[in-house]
Amino acid sequence: MANDTNKFQAIISHCKEYGFIFPSSEIYDGLQAVYDYGQMGSELKKNIKDYWWKSMTQLEDNIVGIDAAIFMHPTTWKASGHVDNFNDPMIDNKDSKKRYRVDHLIEGYVDQLMEEENILLEKSGKEYKETGPYAGISEEEANKIFHDRFAQAGGFEIREKWNSILKSMDALLAKDDFAGLKTLIEENKIKCAISGTCNWTDIRQFNLMFSTEFGSTVSSDDEDNKVYLRPETAQGIFVNFLNVQKTGRMKIPFGIAQIGKAFRNEIVARQFVFRMREFEQMEMQFFIRPGTQKEWYEKWKATRLEWHKSLGMPAEKYRFHDHVKLAHYADAACDIEFEFPIGFKELEGIHSRTDFDLKQHQEYSKKKMQYFDNDVDPATGKPYGNYIPYVIETSIGLDRMFLAVISQAYEEQDLSTADKQDSRVVLKFPAKLAPIKLAILPLTKKDGLPEIAEQIMKDCKPHFRCFYEEKDSIGKRYRRMDALGTPFCVTVDHQTKEDNTVTIRHRDSMEQERVPIEKLKEIVLNAIS
Ligand code: GAP
């Protein structure tokens, strides 16, 4: 697992410096695990949202979108199981008083072991290169040297250790064996990052939902008036299942998509926008005939992975992770993990939710949640009739997708030549996601060049986001646009006045070409369509 803390820190600083993400209420020293998106970040986030929304609701024939309220009737959360089951096992360090989610504490330790293994691999590999093929010995012998070096340094033991810890953790979590988990932490001498001690409390469960009250006269102890900030957007879809099905005359299989805020009182929330207390989800519930869930589960796994790849994200940065401990509502579930600079982590979940949610809402609301299927069942020759549909859910965190996109795009490049030191930070966003598509830069502030540039701006801005800038040298302006991830810059110069052509500069290759002004719109639209 690559764990590039320096790169992660550099991305966080870059996000702040260039207006992508700020700590929330920063003038009051911020609010833990809450962030604000700035002028660039909100554009990027919106472009990701639009791309998801369009692929779900416009390109799929049988999926429609809704926008449900954040507040829902409190019984929703009893029915969904969140009041009783939306808990995480937590452990407190008695010295620092810091509370940890048990799986995150153990995984953090596993990350450290993986890091140690990576260092040994790198070291043994370097020695292999120096003493191996280059010293004129056979590849087989060189491999043996590499293997022996790694073994001597204890590499295999470290690998075995983290593998075994992960296996034990999964098995203990699956059984809710809290005493066993505590023993695992103690036996491996897993320490608190703050106090550095292993002085742990017993493991207890904590509910992750935020609550507040409706009305002004009720006391905060009044359970009846308690409302929750939704911890997932999915329930807004389930309670509207029949509204949408009937008014939209939807026929199974069909889906309902939604993008919206969700809130969780995360205990370990210190990985920038990866784990926040207020975040956004893009969820889709796909309603299907019971018995067809395996087939649809596989279909949605493949479709969602393709969606990520369609953005030009590299396939090797993704992997599936099957859940060992299934959530209370699922009969199969997996994560699509992405290799962030902090390692492979969950980006999206695909869950086969059975008929759990609709059945629960039927029971708690006493309203039928059934669908009448008049297609003929070939086995009986009769219509399938009434049933509660099964559901496949795809659920992706918008903020995590933002982090995946920016981590993939971020590059520090050394552009030094023999006679000049130079470097740049460039965000190689897919053109369709870039906050600004085209920067329009007159070479000088005089000689009629700004007027031509302003005309280009006027022609292009109804079609895509443009940015106009006259200040500073052209080199500095290019660097600034690279740091914002702008795929195209056009420079208006004196030749423009003669032949109506401009220089267009491509962000990634830094190549420049001369094109007629009237071609500009087409070039950018082709790249972002
Ligand atoms: N409706 C199912 C559901 O909510 P989940 O795995 O708990 O499933 C789905 O969450 C996705 O939401 C995750 O894959 C992740 O991308 C995102 N997510 C969950 N908790 C988050 C948090 N605290 N901060 C940011 N994103 C989060």
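# A quick tour of the model

Ser25 sits in the loop between strand 1 (21-23) and strand 2 (35-37). What you have here is a predicted model, and that loop is a handy place to start. From there, we'll look at two open sheets, two pairs of helices, a cis peptide bond and a buried threonine.

**The loop between strand 1 and strand 2**

- Ser25 isn't a glycine, yet its phi is positive, at about 40 degrees.
- Ser25 is partly exposed, because its relative accessible area is 34%, a value that lies between the 20% and 50% cut-offs.
- Asp29 belongs to the loop between strand 1 and strand 2 as well, and it also has a positive phi, of about 75 degrees, without being a glycine.
- With a relative accessible area of 74%, Asp29 counts as exposed.

**The five-strand sheet**

- Five strands line up in the order 20-19-21-22-23 to make an open sheet with mixed pairing.
- At the edges you'll find strand 20 (466-468) and strand 23 (512-516), each of which pairs on one side only.
- Ignoring direction, neighbouring strands in this sheet are turned by 25 degrees against each other on average.
- Strand 19 (residues 438-442) runs parallel to strand 21 (residues 488-492), and five bridges pair them.
- Looking for a bridge to check by eye? Leu438 has Phe488 as its bridge partner in strand 21.
- Strand 19 is also joined to strand 20, by three bridges, and those two run parallel.
- On that side, Ile440 stands opposite Tyr468 of strand 20.

**How strand 19 is covered**

- Five of the five residues of strand 19 are buried, so this strand is largely enclosed by the rest of the structure.
- In a regular strand, side chains alternate between the two faces of the sheet.
- Here, Leu438, Ile440 and Pro442 are buried on one side of strand 19, and Ala439 and Leu441 are buried on the other, so to speak a strand with both faces covered.
- Helix 17 (residues 520-528) lies across strand 19, strand 21, strand 22 (501-506) and strand 23.
- Relative to strand 21, helix 17 runs at about 170 degrees.

**The three-strand sheet and Thr201**

- Another open sheet has three strands in the order 5-4-6, with antiparallel pairing.
- Strand 5 (99-101) and strand 6 are its edge strands; each has a single partner strand, so one side of each has no neighbour in the sheet.
- Neighbouring strands here are turned by 50 degrees against each other on average, again ignoring direction.
- Strand 4 (residues 87-92) and strand 6 run antiparallel and are joined by four bridges.
- In that pairing, Pro89 stands opposite Gln205 of strand 6.
- Thr201 is in the loop between helix 8 (178-187) and strand 6 (204-207).
- Thr201 counts as buried because its relative accessibility is 17%, and the cut-off for buried is under 20%.
- Leaving aside residues up to four places away in sequence, Thr201 touches Ile91, Asp92, Lys94 and Lys182.

**Helix 2 with helix 11**

- Helix 2 (residues 39-58) and helix 11 (residues 293-310) have axes that come within 12 Å and cross at roughly 140 degrees.
- That makes helix 2 and helix 11 oblique to each other, and their crossing is right-handed.
- Helix 2 brings Tyr51, Trp52, Ser55 and Met56 to the contact, while helix 11 brings Trp300, Arg304, Trp307 and Ser310.
- Sorted by class, the residues in this contact of helix 2 with helix 11 are five nonpolar, two polar and one charged.

**Helix 6 with helix 7**

- The axes of helix 6 (residues 139-152) and helix 7 (residues 155-174) are 5 Å apart, and the two helices pack at an angle of about 65 degrees.
- His147, Phe150 and Ala151 of helix 6 meet Gly155, Phe156 and Arg159 of helix 7.
- This contact of helix 6 with helix 7 splits into three nonpolar, two polar and one charged residues.

**A cis peptide bond**

- Ile252 and Pro253 are joined by a cis peptide bond, with omega at about 5 degrees.
- You'll find Pro253 in the loop between helix 10 (241-247) and strand 9 (254-263).

Conventions. Residues are numbered from 1 along each chain as its sequence is written. This is a predicted model: local features need pLDDT of at least 70, side-chain atom pairs count only at pLDDT 80 or more; totals for chains, interfaces and linings use all residues. Side-chain values use heavy atoms; hydrogens and water are left out. Axes are lines fitted to C-alpha atoms, for helices over the stretch in contact, and angles run from 0 to 180 degrees between N-to-C directions. Angles under 35 degrees count as roughly parallel, over 145 as roughly antiparallel, 65 to 115 as roughly perpendicular and the rest as oblique. A crossing is left-handed if the near helix is turned anticlockwise from the far one by less than a right angle, and right-handed if clockwise. Contact means heavy atoms within 4.5 Å. Ala, Val, Leu, Ile, Met, Phe, Trp, Tyr, Cys and Pro count as nonpolar, Asp, Glu, Lys and Arg as charged, and the others, Gly among them, as polar. Buried means under 20% relative accessible area, exposed over 50%, partly exposed in between (1.4 Å probe, protein chains only). Two strands pair if DSSP finds at least two bridges between them.
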